[in-house]
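Work through the exercises below with the sequence and the structure at hand. Each task is followed by a solution in steps.

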Amino acid sequence: MAILDRINSPKDVKKLTSQELVELAQEVRQTVLHKVSNVGGHVGPNLGVTELTIALHKVFDSPVDKFVWDVSHQTYPHKILTGRKVGFTDGHFHDITPYTNQNESEHDFFTVGHTSTSIANALGLAKARDLTNGKGDRIAIIGDGSLSGGLAMEALNNAGDFDGNLIIIVNDNQMSIAENHGGLYRNLAELRATKGQAENNLFKSFGLDYKYLEEGNDLEALISLFEEVKGIDHPIVLHIHTEKGRGYLPATENKEAFHWRGAFELETGALKATPAGKSYTSIMLDYMDQKLSEGIPLVAINAAIPGIFGLKQFAAKYPERYIDAGIAEQFTITFGGAMATEGVRPIIFHNSTFLQRAYDQLWHDIAINKEPAIIIVKGGVISGSDETHQGSSAMTWISNIPNLKYLAPTSQEEFTAILDWALAQHEEPVVIQLPEHGVESRTTVLTDFSESTYQLEKAGEKVALLALGGLYSHGEKVAAKLAEKGIHPTLVNPLFINDLDEDFLDKLTENHEVIVTLEDGILDGGFGQKVASFLGKYDVKVLNYGAKREFNDSVPVSELYDRYHLTPELIAADILKLLK
């Protein structure tokens with residue numbers, strides 16, 4: 001009988017002998033690998049904290065003692081030990097979430113999938129405990145580069161002023177999603193090299209107590225350390241050196257690729273599905289290569305997610321033209337914008353779900369100062385991702401910031417034309433929303449994007465379809481469905497997300513009964529509502545299609561499209577009903 005068969009709650013972990021705990025670690029790793037190799041997920045972070053998680057549950061008493069995981073992408077072992085191991089078996093992989101969720105278990109306290117939050121959350125729980133005469137240790141677990149996020153620094157600063165129980169575990173696996181960047185990681189390296197004895201100590205400078213553990217995957221050492229600090233009466237940092245991907249050779253040999261990985265062959269680590277050839281990111285890389293050869297003073301900037309954009313290839317060729325700021329989205333915007341004021345042409349790469357962390361910088365720094373940086377946004381779509389990683393709100397919040405141009409190309413030709421214009425102008429910041437429905441090729445005649453100019457792709461009658469960005473091909477399909485019923489609609493490529501072509505819209509009302517907008521994001525505050533507001537004074541009917549303002553947690557896109565009436569069939573049916 002496997003050790004794991006006997007584990008249904010943390011209480012069962014406490015009953016195990018030292019040898020059984022070692023065997024349990026191996027079984028937990030095998031269980032994690034079984035799931036992630038089948039459906040994808042975070043590999044390296046979970047394999048690296050297996051012993052640490054077992055030791056926590058051996059020594060502390062969850063949920064009275066509260067574990068707060070940063071990002072929580074390293075909580076698979078925690079879930080396995082807290083009654084959720086069924087979620088790692090065939091047929092049940094999607095029964096549990098990939099991040100902590102307080103609605104899923106009493107051993108979780110927050111729904112969180114973004115970084116640098118754990119210390120602030122744990123400190124809040126600690127303060128509340130003391131104010132209400134509560135019990136238990138409050139333990140933050142932070143790692144994978146999360147210390148470079150500003151919120152982590154703010155929390156450490158405030159933790160230095162706290163006078164109660166707080167344990168901060170720094171899981172130092174020497175990695176972020178990719179390699180670490182920034183001066184604080186040199187200090188971590190110095191602390192590792194001196195076994196925690198370096199005179200320069202980031203954590204002590206905040207007024208925090210500190211202990212170092214070199215063998216962070218040694219169960220006995222971990223248990224001894226945790227027993228030593230259990231019930232401590234002041235804040236302490238436990239700096240623990242672990243190995244990301246431990247126990248699975250492909251994950252230790254290629255830590256970045258196995259931070260998160262799609263379904264893969266367990267024996268080799270090779271992906272089961274190979275990525276498509278051409279993509280907008282590959283087009284972008286070729287474009288930057290060409291512009292640098294032309295002498296354009298271009299710089300690529302990102303916040304710890306180079307793999308999403310293929311930027312490691314760029315970094316290898318142009319190390320002086322590449323900046324990875326670590327997990328510091330806010331910094332990249334203010335820093336890049338300042339560079340743009342001095343004639344450098346920064347291109348700042350962000351995933352939509354992470355860019356929202358830099359909202360203030362986009363508004364206050366980039367936009368107010370009209371800094372001509374270029375920002376590339378990926379993942380700003382209606383997706384089947386987790387509720388913590390929804391990017392569908394991008395067009396809503398970015399499009400309502402003044403003084404910036406927000407554009408949605410529909411083809412590779414439009415994409416490069418926009419880039420050419422954006423690099424040549426120096427009047428305003430430009431945000432470009434990457435299409436996410438495959439690379440398309442379509443002739444573009446527009447080369448100046450300083451004024452909103454909609455593109456009439458096909459003139460028709462009665463119905464006008466304004467299909468924005470990645471949903472342009474969706475508009476083509478709706479037009480085909482209507483043509484089957486004898487309606488030949490006008491098809492428009494708006495291109496501009498935040499600025500209306502009012503003259504164009506005005507003329508549309510002269511010979512169309514219904515104007516329809518399609519957008520790959522949330523409707524409230526988005527493109528369609530801007531169009532509808534302008535058209536309110538005209539005798540025309542308006543239909544807006546996009547997402548509802550809601551959190552969706554791993555809901556298939558096909559189901560969301562049905563829910564939002566966003567399939568070509570449902571849209572065509574709605575239009576025909578309105579024309580009767």
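**Exercise 1: Strand 6 and its partners**

In strand 6, H239 is the bridge partner of V170. The model is a predicted one.

Task: Find which strands are joined to strand 6 by bridges, beginning with strand 4, and going on to strand 5.

Solution.
- Step 1. Strand 4 (residues 166-172) runs parallel to strand 6, and 7 bridges join the two.
- Step 2. Strand 5 (residues 209-213) is also parallel to strand 6, to which 5 bridges join it.
- Step 3. For Y210, the bridge partner in strand 6 is V237.

Task: Decide whether the faces of strand 6 are covered or open.

Solution.
- Step 1. On one side lie P235, V237, H239 and H241, and these are all buried.
- Step 2. On the other side, I236, L238 and I240 are buried too.
- Step 3. A residue counts as buried when its relative accessible area is under 20%. In strand 6 (residues 235-241), 7 of the 7 residues are buried, so the strand is largely enclosed by the rest of the structure.

**Exercise 2: A parallel sheet**

Task: State the strand order of the open sheet of 6 strands, and say which strands stand at its edges.

Solution.
- Step 1. The order is 9-8-10-11-13-12, and the pairing is parallel.
- Step 2. Strand 9 (322-324) and strand 12 (405-407) stand at the edges; each has a single partner strand, so one side of each has no neighbour in the sheet.
- Step 3. From one strand to the next, the twist averages 20°.
- Step 4. Within this order, strand 10 (residues 345-351) pairs with strand 11 (residues 374-378) in the parallel sense, over 5 bridges. There I347 stands opposite I374 of strand 11.
- Step 5. Helix 15 (residues 329-340) packs on the sheet and touches strand 8 (298-302), strand 9, strand 10 and strand 11. The direction of helix 15 makes about 160° with that of strand 10.

**Exercise 3: Two helix pairs**

Task: Describe how helix 4 and helix 10 cross.

Solution.
- Step 1. The axes of helix 4 (residues 50-59) and helix 10 (residues 219-229) come within 9 Å and cross at roughly 45°.
- Step 2. Because of that angle, helix 4 is oblique to helix 10.
- Step 3. The crossing of the two helices is right-handed.
- Step 4. Helix 4 makes the contact through E51, L52, I54, A55, L56, K58 and V59, and helix 10 through L219, L222, I223, F226 and E227.
- Step 5. Sorted by class, the contact of helix 4 with helix 10 has 9 nonpolar, no polar and 3 charged residues.

Task: Do the same for helix 6 and helix 7.

Solution.
- Step 1. The axes of helix 6 (residues 118-131) and helix 7 come within 7 Å, crossing at roughly 35°.
- Step 2. The residues in contact are I119, A120 and L123 of helix 6, with L151, A152, A155, L156, N158 and A159 of helix 7.
- Step 3. The contact of helix 6 with helix 7 has 8 nonpolar residues, 1 polar and no charged ones.

**Exercise 4: The surroundings of S146**

Task: Locate S146, and decide whether S146 is buried or exposed.

Solution.
- Step 1. S146 is found in the loop between strand 3 (138-143) and helix 7 (150-159).
- Step 2. The relative accessible area of S146 is 1%. Buried means under 20%, so S146 is buried.
- Step 3. Leaving aside neighbours within four places in sequence, S146 is in contact with D70, V71, T115, S116, A152, Y185 and I327.
- Step 4. K15 lies 131 residues from S146 along the chain, and their C-alpha atoms are separated by 33 Å.

Note on methods. Residues are numbered from 1 along each chain as its sequence is written. This is a predicted model: local features need pLDDT of at least 70, side-chain atom pairs count only at pLDDT 80 or more; totals for chains, interfaces and linings use all residues. Side-chain values use heavy atoms; hydrogens and water are left out. Two strands pair if DSSP finds at least two bridges between them. Helices (H or I, at least four residues) and strands (E, at least two) are DSSP runs, numbered from the N terminus. Axes are lines fitted to C-alpha atoms, for helices over the stretch in contact, and angles run from 0 to 180 degrees between N-to-C directions. Contact means heavy atoms within 4.5 Å. Angles under 35 degrees count as roughly parallel, over 145 as roughly antiparallel, 65 to 115 as roughly perpendicular and the rest as oblique. A crossing is left-handed if the near helix is turned anticlockwise from the far one by less than a right angle, and right-handed if clockwise. Ala, Val, Leu, Ile, Met, Phe, Trp, Tyr, Cys and Pro count as nonpolar, Asp, Glu, Lys and Arg as charged, and the others, Gly among them, as polar. Buried means under 20% relative accessible area, exposed over 50%, partly exposed in between (1.4 Å probe, protein chains only).
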